[in-house]
Amino acid sequence: MKKLTITVIILAQILTLTAQNHEAGGWAFLNIKKKVGEGFSLALRGEYRCRDNFKRSDEYLVRLMGEYKACDYLDVGVGYDFCNKLKVAEVKDGLSIDKWTQKNHRGLVEAKGHYSLYRWTFQLRERYVYAYAMDADVAARDDMGMYVTCKKDGGWSHVLRHKPGVSYSLWKGIFKPFVEVELYNRIDKGFDLQQVHLHVGTTIRFDAVNSLKVYYVMQDKISEKRFVHTVALEYSISL
């Protein structure tokens with residue numbers, strides 16, 4: 001039933017592609033993970049994202065994460081994000097608003113179950129995110145060309161992210177192709193589905209410390225009526 005549900009969601013997104021605004025973008029990630037005790041680890045993550053066919057920066061993010069391996073099949077974690085979202089210039093209410101940066105604080109809690117069968121690994125990650133976007137004073141020009149200050153209100157949101165996936169081990173685990181689907185639900189808006197992401201790619205393990213994920217992400221940003229084709233690179237170091 002779960003496989004059928006995921007298949008239906010993917011097909012529904014494909015059927016709506018022609019009704020969306022399309023663009024291309026890129027993601028780059030660096031992960032550093034260090035074991036700090038029996039079953040415990042700390043992880044630091046840096047992110048950079050661009051959009052509008054790679055023409056402009058979209059987001060910078062730093063994440064600090066604490067993780068615990070509860071058993072062979074379950075990992076749990078808690079973390080904090082600091083994120084800068086770069087907003088484009090716009091015209092609103094008669095004001096020409098300059099480019100500005102929205103600062104965001106996020107707390108997250110997650111649980112990830114995984115099970116391996118022969119070369120296959122099946123996993124499901126459930127992540128709850130509490131996000132707070134800060135208010136900002138932004139420069140703008142009125143109809144006379146005079147600069148004024150425009151206040152951009154922030155706010156909070158509660159998001160539940162579901163991410164089932166499957167991977168297959170090749171060449172003694174050096175290559176691990178995977179497919180994942182991630183659903184973003186706004187709990188504070190009646191469990192409204194905001195985004196659907198489809199990830200297709202592979203993990204390349206160089207040794208016990210270094211690995212690289214190369215993948216394509218098909219993002220359907222439902223709430224923004226925007227569709228983004230993304231190329232992603234993710235380098236990980238395990239100490």
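This briefing covers strand pairing, salt bridges, one surface patch and one buried asparagine. The model is predicted. Strand 15 (residues 226–238) pairs with strand 1 (residues 21–37) in parallel and with strand 14 (residues 210–221) in antiparallel fashion. A search of the whole structure turns up 19 salt bridges. On the surface, nine named side chains from Val78 to Phe191 make up a nonpolar patch.

**Strand pairing**

- Strand 1 and strand 15 run parallel and are joined by 13 bridges.
- Within this pairing, Asn21 sits opposite Arg226 of strand 15.
- Strand 14 and strand 15 run antiparallel, with 12 bridges between them.
- Tyr216 has Val231 of strand 15 as its bridge partner.
- Strands 14 and 15 form a hairpin, and 4 residues lie between them.
- Lys225 lies in that turn and has a positive phi of about 50°.

**Salt bridge between strands 1 and 3**

- Glu67 and Lys33 meet through their side chains in a salt bridge, at 2.9 Å from N to O.
- This pair links distant parts of the chain: Glu67 belongs to strand 3 (residues 56–71), Lys33 to strand 1, and 34 residues separate them.
- Glu67 counts as partly exposed because its relative accessibility is 22%, and the cut-off for buried is under 20%.
- Lys33 has 36% relative accessibility, so this residue is partly exposed too.

**Salt bridge between buried residues**

- Glu47 forms a salt bridge with Arg45.
- The closest N and O atoms of Glu47 and Arg45 are 2.8 Å apart.
- Buried or exposed: which describes Glu47 and Arg45? Both are buried.

**Salt-bridge network**

- Arg226 and Glu224 meet in a salt bridge, with 2.6 Å from N to O.
- Arg226 is buried because its relative accessibility is 10%.
- Glu224 reaches 45%, so this partner counts as partly exposed.
- Which residues are linked with Glu224 and Arg226 in a network of salt bridges? They are Glu23, Arg51, Asp52 and Arg56.
- Arg226 therefore appears under two topics: this residue stands opposite Asn21, is buried at 10% relative accessibility, and belongs to the salt-bridge network.

**Nonpolar surface patch**

- The patch is formed by Val78, Val109, Tyr128, Tyr130, Tyr132, Met134, Trp156, Ile187 and Phe191.
- Together these residues have about 810 Å² of accessible area.
- Strand 8 (residues 120–133) gives the most to the patch, with 3 residues.
- Val109 is a patch member and lies in strand 7 (residues 100–117).
- At 46% relative accessibility, Val109 counts as partly exposed. Patch members need over 30%, so Val109 passes that cut-off with 46%.

**Asn104 in strand 7**

- Asn104 is also placed in strand 7.
- Its relative accessibility is 6%, so Asn104 counts as buried.
- The Asn104 side chain reaches the backbone oxygen of Gln102 at 3.1 Å.
- What does Asn104 contact, leaving aside its neighbours within four places in sequence? The contacts are Asp81, Phe82, Cys83, Lys85, Tyr132 and Ala133.
- Tyr132, one of these contacts, is also a member of the nonpolar patch.
- Strand 7 thus holds both residues described here: Val109, partly exposed at 46%, and Asn104, buried at 6%.

Key. Residues are numbered from 1 along each chain as its sequence is written. This is a predicted model: local features need pLDDT of at least 70, side-chain atom pairs count only at pLDDT 80 or more; totals for chains, interfaces and linings use all residues. Side-chain values use heavy atoms; hydrogens and water are left out. Patches are made of residues with over 30% relative accessible area and no salt bridge: like charges are joined within 9 Å, nonpolar side chains (Val, Leu, Ile, Met, Phe, Trp, Tyr) within 5 Å. Accessible areas come from the Shrake-Rupley method with a 1.4 Å probe; for residues, only the protein chains shown count as cover. A salt bridge is a side-chain nitrogen of Lys or Arg within 4 Å of a carboxyl oxygen of Asp or Glu. Buried means under 20% relative accessible area, exposed over 50%, partly exposed in between (1.4 Å probe, protein chains only). A polar contact is a pair of N or O atoms within 3.5 Å; within protein, one must be able to donate a hydrogen and the other to accept it, and residues adjacent in sequence count only if both atoms are side-chain atoms. Contact means heavy atoms within 4.5 Å. Two strands pair if DSSP finds at least two bridges between them.
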